[in-house]
Amino acid sequence: MNVQTFVQPTPGSPIELADTSITAESPASLPSLLELSQPELAELVAQQGQPAFRARQLWEWIYKHYAADFDEMTNLPKTLRTALAATATVNPLSLVTQVVSAAGDTQKVLFRLPDGKTIEAVLMIYDKRRTLCISSQAGCGMGCTFCATALGGLGRNLTAGEIVAQVLYFARYLARPEAEPKMAIARPTAVTNIVLMGMGEPMHNYRNVWTALRRLTDADAFGLGARHITLSTVGLIPMIDRMADEGLQINLAVSLHAPNDKLRNQLVPINARYPVAELLAAVERYITKTNRRVTFEYALMAGINDSQPLALELATKLRALHCHVNVIPLNPVPDSPFQPTSDQETQRFVQTLNENGVPATVRIRRGIEINAGCGQLQRAMESA
Ligand code: SAH
C-alpha cells in the first residue's frame, strides 16, 4: 500500500477554530433555510413584511453565491438579516476536520450535524472534473461486511438540506481562493460531478435524497446537470423502479460485488431480500425505461470474489445488459478479514470481463492515506 504522510490543516487555522461543540444556543441548532423550497422561502420573507424580490435575493445568495452566513448578504437590509439570523441558519453543518492528501488532489471533510452525529464528504480533483462524494445518511443500516460505515449501523437519515449543504460547502470552498485549507495545486473553481457514494444507502432515504437532487439540478438553484450526478445503491429493487419514473437523467450505479446469491449474501446481506436475479431484472427494466447505461460496482477482495470462474459468471450474467463494470480495488478496513486483490489479478479480472463482452475498467483509487474510503475518516477520528 502506498501510504504517504498526509497534510493536516495547520493548528490554529480557521479550520481548527470551526471545531466547536454545538450547544442549545448555537445557531447551528436553529432550522436551516436549506430545508425550504423557493415558495417556502418566499413565504418566510413575506412573513417578515418584506417584498418578494428579497426572497429571490436570499435564494441567490444561498444557491448562486454559496453564502453560509446572513452577514455576507450585503444587499439585504440589516433588519431582515438580523431577523432571519434570530430564527434560522443557512448552513446546518459544522466542520470537524478537513484533511488534504499529500498530492493535494483529494480532500476529505468530516462534518458535525446539529444533533452531534458526524458524516463524511470527499472532494477529488482531476484534470477536467472535480468530483464530490457525499453522504445520504449518518451511518448505514445495510451491513455490507467489507464496509467501514456499516460497522456503526444506521444513525439516521440526512435531511435534504444536510445533503445539499455538503455540496454548497465545497462549491463555496472552490469559489473562494482564500478559503482554508490552501491548495498545493491551482484551485479549480466549481464542482462538476457529484456521486452519492459516501456514508449511507441513498435509496433507504429516498424522499430526502430526491428533494436534494432536485434542488441540486434545478437551474434556478445549484443547477448542476443531472448527467453529472451518480446515485449508488446496494440494490433496493422497489426504489430502482421508482427512480426509473423520476424523469431526471441521474446515473444509476449498483453495488454488485458478487455474481451469485451464495457469495453476495455473505458480502451484501440485503441480497437475502433482493437476490441477484431479481436485482438484474430490475436493472434491465430500468435500462429499458430510461435508455440509460447502468454502472455495476465490484470491489475486489483477495480470495473472496476475484477468481476467474467468478469473472466469467459475472460476464455471462451482465453481457446482455447495457452496462459498465467499475472494478474497485478494496479500501482496506482496519480489523477486517478482507484484503485487496493484487494489481495483476485485478487487471486479469477486468480483462476477462472485457473479453467476454462486458465493458469494465478499474476505478482509480484516491485518498487512501487520508482515510477517504467510505466511513473510514469517522472511524479513525473516533478511535484517535
Ligand atoms: N450504499 C450505497 C452507496 C455508498 S458506498 C451503495 O452500497 O452503493 C459506495 C461504494 O463503495 C459501494 O459500491 C460500496 O459497496 C463501496 N465500498 C464500501 N466499502 C468499501 C471498501 N472497503 N472498499 C471499496 N469499496 C467499498
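In which loop does Pro181 lie? Select Pro181 and you will find it between helix H5 (160-175) and strand S7 (193-196); helices (H or I, at least four residues) and strands (E, at least two) are DSSP runs, numbered from the N terminus. You are looking at a predicted model, where local features need pLDDT of at least 70 and side-chain atom pairs pLDDT 80 or more, while totals for chains, interfaces and linings use all residues. Residues are numbered from 1 along each chain as its sequence is written, and side-chain values use heavy atoms, without hydrogens and water.

**Two backbone stops**

While at Pro181, show the peptide bond to Glu180: it is cis, with omega about -10 degrees. Next, pick Tyr66 in the loop between helix H3 (52-63) and helix H4 (78-87). Tyr66 is not a glycine, yet its phi is positive, near 55 degrees. Most residues other than glycine have a negative phi, and most peptide bonds are trans.

**The sheet**

Now colour the strands. Ten of them form an open sheet with mixed pairing, in the order S1-S2-S3-S4-S7-S8-S9-S10-S11-S12; strands pair if DSSP finds at least two bridges between them. At the edges, pairing on one side only, are S1 (94-100) and S12 (360-362).

Zoom in on S10 (residues 294-300) and S11 (residues 323-329), parallel strands joined by seven bridges. One pair to click is Val294 with its S11 bridge partner, Cys323. Then add helix H9 (residues 276-290), which packs on the sheet and touches S9 (251-255) and S10; contact here means heavy atoms within 4.5 Å. The directions of H9 and S10 make about 145 degrees, using lines fitted to C-alpha atoms (for helices, over the stretch in contact) and N-to-C angles from 0 to 180 degrees.

**The ligand**

Finally, select the ligand and the 17 residues around it, each with a heavy atom within 4 Å. Gly200, Ser232, Ser255, His257 and Asn331 come nearest.

Try three polar contacts (N or O pairs within 3.5 Å):

- His257: a side-chain N or O atom is 2.6 Å from a ligand oxygen.
- Glu201: a polar side-chain atom lies 3.0 Å from a ligand nitrogen.
- Phe146: a backbone N or O atom lies 3.1 Å from a ligand nitrogen.

Notes:
A polar contact is a pair of N or O atoms within 3.5 Å; within protein, one must be able to donate a hydrogen and the other to accept it, and residues adjacent in sequence count only if both atoms are side-chain atoms.
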